[in-house]
Amino acid sequence: RIGKKKQASYRIVVAEKRSKLGGRYVEDLGWFNPHSDQFNLNVDQVKYWISQGAQPTESAAALFKRAKI
C-alpha cells in the first residue's frame, strides 16, 4: 500500500511466501488505484512469473483477468 491517507494506491509485486507483508519483494510488476479504477501492469513480466510457478492472490488474479492475462 502506498499513497496518502484515504487515497490508497497499491503496488503489484512478486514476493517470497515467507517474507513479511510490507517487507522486501523480488520485483515490481505494476500498480492499482482503486479510487480511479486504473491499473498498469508489465504484462511480459506477469506472464514470466506465472510460468515460473508464482501464485497470484485473489485480488491480483482479478486484476490479471481484467487485463486479459
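In the predicted model, the largest pocket is lined by 31 residues, and of these Ile12, Val13, Val14, Ala15 and Thr57 lie nearest its centre. Two or more lining residues are given by each of four elements, namely strand S2 (7–14), strand S3 (27–33), helix H1 (43–51) and helix H2 (58–66). Among the contributors to the lining, S2 provides the largest share, which amounts to five residues. The space enclosed in this largest pocket comes to about 1,200 Å³, and the lining, when divided by class, consists of 19 nonpolar residues together with six polar and six charged ones.

The strand that gives the largest share of the lining, S2, is also paired with two other strands, S1 and S3. With strand S1 (residues 2–4), S2 pairs in the antiparallel sense over three bridges, and within this pairing Gly3 has Ala8 of S2 as its bridge partner. The two strands S1 and S2 form a hairpin in which two residues stand between them, and Lys6, which is located in the turn, has a positive phi of about 65 degrees.

The pairing of S2 with S3 is likewise antiparallel and comprises five bridges, with Tyr10 having Phe32 in S3 as its bridge partner. Both S2 and S3 are thus found among the elements that give two or more residues to the lining of the largest pocket, and these two strands are joined to one another by the five antiparallel bridges described above.

Key
Residues are numbered from 1 along each chain as its sequence is written. This is a predicted model: local features need pLDDT of at least 70, side-chain atom pairs count only at pLDDT 80 or more; totals for chains, interfaces and linings use all residues. Side-chain values use heavy atoms; hydrogens and water are left out. On a 1 Å grid over the protein atoms alone, a cavity is a set of points where a 1.4 Å probe fits but cannot get out, and a pocket is an open set with protein on both sides within 12 Å along at least five of seven lines; lining residues have an atom within 4 Å of a point. Grid points are joined across faces, edges and corners, and a volume is the space filled by probe spheres set on the points. Ala, Val, Leu, Ile, Met, Phe, Trp, Tyr, Cys and Pro count as nonpolar, Asp, Glu, Lys and Arg as charged, and the others, Gly among them, as polar. Two strands pair if DSSP finds at least two bridges between them.
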